[in-house]
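Visitor: I would like a close look at a single part of this model. Please pick one helix and walk me through its setting, then step outward.

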Amino acid sequence: MQLSNENEKQLAADTGAELVQDGMYVGLGTGSTVAWLLPALAARRLELSCVASSPATEQVARKLGLRVESFAGRGAPAQLDIVIDGADQVAPSGWLVKGGGAAHTREKALVAAAERFVVIVSSDKVVERLRAPVPLELLEFGLAATLARLQTVTLRDVPRSPDGGVIADFTGPFDDPAELAERLSLTVGVVEHGLFPPELVSEVVVGRGEKVERIPVHDGATRSPDS
Ligand code: 5RP
């Protein structure tokens, strides 16, 4: 990992933290960029209610003094004001690949409930076009049949997701992320995939050298991965 990469992640994360306002319900992503976000957010000492996309994020956020609530069950918040998270790839169209840290199912659940989704990345994440691997979470039940349906998929040697899902990557070639997203969503046994459409993304904050670039993507207030 290059040092300049980390500087860019920190710059993007600091800008993301500045977008949060007192009293907000905040969804926290997962990964090394979010690792910069958490202390920056905690340092602002705002009155916040947070929900976390992974046990790792939850643990660090709590240690830093952020209030973290559960997002499970009927008693959880149904709407979030903002989600801030990293990404593995960001295309010029605003499509993302996420899930390098295997948390894409919970991340998408947070984003789908949020008014705003702010993506924080270092400049190396901005690509001309998206490519495999596309992270997947698969149902254990019927796994062999699901793998046969997907054909080009590799199982990751990592623990199950907190929801018991098997983590894998779609490795086949693709041109159109919308087409692949639809195919994966329609494949029985795929719990969730790591393709996030532009309709879910409010803006991308890119750390580039010593500067931060803010790229607006979509301003829709009501968004759903299926819309
Ligand atoms: C985790 C994710 C991360 O946001 C993505 O993998 C980027 O991680 P990092 O900030 O470490 O580069 O989707 O599931």
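**Helix H3 and its surroundings**

Guide: Start on the outer side of helix H3, where Pro-55, Gln-59 and Lys-63 are exposed. Keep in mind that this is a predicted model. The helix runs over residues 55–63, and on its other side Thr-57, Glu-58 and Ala-61 are buried. Seen down the axis of H3, these buried residues fall within an arc of 100°, so they line one face of the helix. The general rule is simple: an α-helix has 3.6 residues a turn, so residues three or four places apart point the same way.

What lies over that buried face? The cover includes strand E1 (25–28), helix H2, strand E2 (49–52) and strand E3 (68–69). Just past the end of H3, Gly-65 has a positive phi of about 95°.

Now move to H2, one of the elements that cover H3. Helix H2 spans residues 34–43, and its buried residues are Val-34, Trp-36, Leu-37, Leu-38 and Leu-41. Arg-45 follows H2, again with a positive phi, here near 50°.

Leu-37 of H2 leads inward. The largest nonpolar core has 56 residues, and Leu-37, Val-119 and Ile-120 have the most contacts inside it. Strand E7 (residues 114–122) gives the largest share of this core, 6 residues. Domain 1 (2–126 + 196–210) and domain 2 (134–194) both give residues to the core, so it lies between them.

Look at Ile-120 in particular. Leaving aside residues up to four places away in sequence, Ile-120 touches Ala-12, Ala-13, Gly-16, Thr-33, Leu-37, Ile-84, Gly-86 and Val-205. Two of these partners, Thr-33 and Gly-86, also belong to the surroundings of the ligand. There, 17 residues surround the ligand, and the closest are Gly-31, Thr-33, Gly-86, Gly-100 and Gly-101. By class, the shell holds 3 nonpolar, 10 polar and 4 charged residues.

Last, the two domains. Their centres, taken over C-alpha atoms, are 23 Å apart. Domain 1 brings 11 residues to the contact and domain 2 brings 15. On the domain 1 side, helix H4 (residues 104–112) gives the most, with 3 residues. That side of domain 1 divides into 5 nonpolar, 4 polar and 2 charged residues.

Definitions and conventions
Residues numbered from 1 in each chain as written. Predicted model: local features only at pLDDT ≥ 70, side-chain atom pairs only at ≥ 80, totals over all residues. Near = placed C-beta within 6 Å. Nonpolar A, V, L, I, M, F, W, Y, C, P; charged D, E, K, R; others polar. Domains from an automatic or database assignment. Contact = placed C-beta atoms within 7 Å. Helix = DSSP H or I, 4+ residues; strand = E, 2+ residues; numbered from the N terminus. Core = buried A, V, L, I, M, F, W, Y, C linked by C-beta atoms within 7 Å. Buried ≥ 20, exposed ≤ 12 C-beta atoms within 10 Å, placed from the backbone. Arc of directions from axis to C-beta.
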